[in-house]
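Colleague: Could you take me through one part of this model closely, and then set that part in its surroundings? I would like the terms spelled out as they come up.

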Amino acid sequence: MIEAVDVHKSFLSGDEVVEALRGVTFRVPEGTCTFIVGPSGSGKSTLLYLLAALDLPTSGSIRVAGQDITTIPESERDGFRRNRVGFVYQSYNLINNLTAVENVLLPYIPTGLTPELRSKAADLLKEVGLGNRLNRRPRQMSGGEQQRVAIARALIKDPIVIYADEPTGNLDRAGGDRIVQLLRDRQLAGNGTLVIVTHDRRFITPDDLVLEIEDGRLKGEPSTIPAGHPG
Amino acid sequence: MMWSFAWKNLISRPSRTGLAILGLTIPVLAFLGLFSISAGIRHLMGDTLAGMNDLMVLRENALAPVFSELPPGTGEALRKVPGLKVIATEVWKVSPPIDGRGGAALGSAIGLLTRPRDQGLKNLVNMIAVEGQDLVEHRKLKNATIAQSILPASKGGGRMVDVTDIGKPHVAISAKIARDYPGPDGQPKKVGQTIRLGSKEFTVVGIFSTGSMVIDGTIVMDIGEARKLLGVQPDSVSTYVVEPTDDTQTDEIADRIERAVPGVKAQRISQFNITLGAVMGRLDQFLLMAVGLAMLVGGVGIANTMLMSTSERFVEFGVMRTNGWTRRDVLTLVTTESALLGAISGLIGAGVAIAVVLVVNRLLQGFSLDLSPALVALSIAGALAIATLSGLYPAWKASRMTPMDAIRHSVM
């Protein structure tokens, strides 16, 4: 359901052209949990941003649920990000002036909030264990709680894919475990797809798909790594 | 929710928001204050003069009777103009010191320009003119505003000066003058008491109240007495009040007078408000320029505030874009914030202005500041428009943020 074909991405760093991705091709089936791993600077986060339509590749194509997200106009990419995919940052990136429930509703603030959406946001926060934190501001919550709000914000769209960029990077070990488990339980239960960039291979299970990136290329051929890869 | 979100963003930085609001509130307050004074003067003059239907003949280019001095022979020339029923001579001058109190009589214009604002305003309200009337002819006029405004006997009104007062130091004064220049007992002057103009004592025979600052700033007496008091020539004339035989011919008569008598203008007394309107119009233009500049500065303050605010929130805008907000949505949010600043500034400015006008109008007598709902609405709309326009550039800049900006800034 996610298909990347010969994806290149380069950008300028000072006067130097950096080739972050050098022709990446792979396919991620629907309903899987995929980990993108690799050393720092290998291009794994860049790949994630391209898959989430946050950035455009220099060349190549990316199709998500049959839609080529590299050729659609900006307005459609906005709609794609609002309605079809969720994104979880390493640093949570909640809006400080909004409460937990308002942060969850962030995607729909411009289009208008219905009672159903408000109720759904509250239910999601309860599901992630923050039923008693609905009206707390981010600064009143711990890092783990903030990340759970961020996950609820991604989930409110019922996304076909959730992309998570180092979601446990700012958490302790136990907190990180709970976050990854939460993402797995909530996203995969509805046959959604989960793509996580991580340094920490302990989260990978035998059923997961692993894309190992090194120096802008997928390590090993074929570009998809079979389930059960030791990581 | 967009409004609520914008509001939360503003109150999260209370000091900065407060200063930006203050920066625009002050010009709004200045706008309403200055224009309520201007409108008050215009309204007052219009009300006073609109009730007078006779023609006044005065020197060409003279803004008001106290500035008019007609050349000898004007009366003779007027009497040859057909269609005039009454021709009543008048002498007008700013009053000499009253009861030994000088200063107020020096004239409002000088006072307004050279004294502190409160003192200048006081002078405006307190300006007093001496009007010497040809009492024989004035008795024949149908529209004699002062004669019709003598207080009732129960309030000690006395009578209007009349032919029995010719050659006598008798005056009719307004209730305001009676109050401002009280008798020896400290109570407002009464009929029968004296009032000293310059070095001469006059007996008060009547007290009137027209409710108009302009007319209630007048001391009326026999024209001969006025000429002696004011030290002008025995044949000096400031104005003539003329009453046409046929009221419907007033405009034609005015044209006829101006053709027949060079160097004078004849206009309905009610039309003085048009002349005044031209003067006030120029004053309004000046005020508008001054307040416009202040508004501009306020707008720059809003733009600066919004620029700082948006540059601190690049990550937030990027997060919004990641979550499907369009550039237009971000533009709307930031513009809403600046519009809110404008609306709040306008409302606070208008609220304070209304309160000040209410208080000042309770304190001032004979003159009131005129703060119309239209003026209030205009000031709020102006503040809203300026703030919204000022927020457009920061809003446009914020809308250029991409999802990747959020990531780059949050990583840094």
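Colleague: In which sense do strand β4 (residues 170-174) of chain B and strand β6 (residues 200-208) of chain B pair, and over how many bridges?

Modeller: This is a predicted model, in which local features need pLDDT of at least 70 and side-chain atom pairs count only at pLDDT 80 or more, while totals for chains, interfaces and linings use all residues. Residues are numbered from 1 along each chain as its sequence is written, and chains are lettered from A and ligands numbered from 1 in the order in which they are written.

Strands β4 and β6 of chain B pair in the parallel sense, over five bridges; strands here are DSSP runs of E with at least two residues, helices are runs of H or I with at least four, and both are numbered from the N terminus. Two strands are taken to pair if DSSP finds at least two bridges between them. Within this pairing, B:His170 has B:Thr203 of β6(B) as its bridge partner.

Strand β6(B) also pairs with strand β5 (residues 194-197) of chain B, but there the two run antiparallel and are joined by four bridges. One of the residues involved is B:Ile195, whose bridge partner in β6(B) is B:Phe202. Together β5(B) and β6(B) make a hairpin with two residues between them, and B:Gly198 in the turn has a positive phi of about 65°.

The chain around this part contains 15 helices and nine strands. Of its 412 residues, 44% are buried, where buried requires 20 or more other C-beta atoms within 10 Å of the residue's own, exposed 12 or fewer, and partly exposed a count in between, with C-beta atoms placed from the backbone. Among the contacts in chain B with a separation of 6 or more, 83% are between residues 24 or more positions apart; a contact means that the C-beta atoms of two residues, placed from the backbone, lie within 7 Å.

A helix pair in chain B supplies an example of residues brought together across the sequence. Helix α1 (residues 2-11) and helix α12 (residues 327-363) of chain B have axes that come within 9 Å and cross at roughly 65°, the axes being lines fitted to C-alpha atoms over the stretch in contact, with angles from 0 to 180 degrees between N-to-C directions. The two helices are therefore roughly perpendicular to each other, since that term covers 65 to 115 degrees, while angles under 35 count as roughly parallel, over 145 as roughly antiparallel and the rest as oblique. The crossing is right-handed, meaning that the near helix is turned clockwise from the far one by less than a right angle, whereas anticlockwise would be left-handed.

On the α1(B) side of this contact are residues including B:Trp3, B:Phe5 and B:Trp7, and they face a set in α12(B) that includes B:Leu333, B:Glu337 and B:Leu340. By class, the contact has nine nonpolar, three polar and one charged residues, with Ala, Val, Leu, Ile, Met, Phe, Trp, Tyr, Cys and Pro counted as nonpolar, Asp, Glu, Lys and Arg as charged, and the others, Gly among them, as polar. The C-alpha atoms of B:Trp3 and B:Glu337 are separated by 7.8 Å, although the residues are 334 apart along the chain. B:Trp3 nevertheless counts as exposed, because it has 12 other C-beta atoms within 10 Å.

Another backbone feature of chain B is at B:Asn61, which is not a glycine and yet has a positive phi near 75°. B:Asn61 sits in the loop between β1 (55-59) and α3 (74-79) of chain B, and it counts as exposed because it has 9 C-beta neighbours inside 10 Å.

Chain A has six helices and ten strands, and 48% of its 231 residues count as buried. Four of its strands form an open, antiparallel sheet in the order β2-β1-β4-β5, with β2 (16-28) and β5 (67-68) as the edge strands. Strand β4 (residues 59-64) of chain A is joined to β5(A) by two bridges, and A:Arg63 is the bridge partner of A:Asp68.

Between the chains, 21 residues of chain A are in contact with 21 residues of chain B. Helix α2 (residues 74-83) of chain A gives the largest share of the chain A side, six residues, and that side as a whole divides into eleven nonpolar, six polar and four charged residues.
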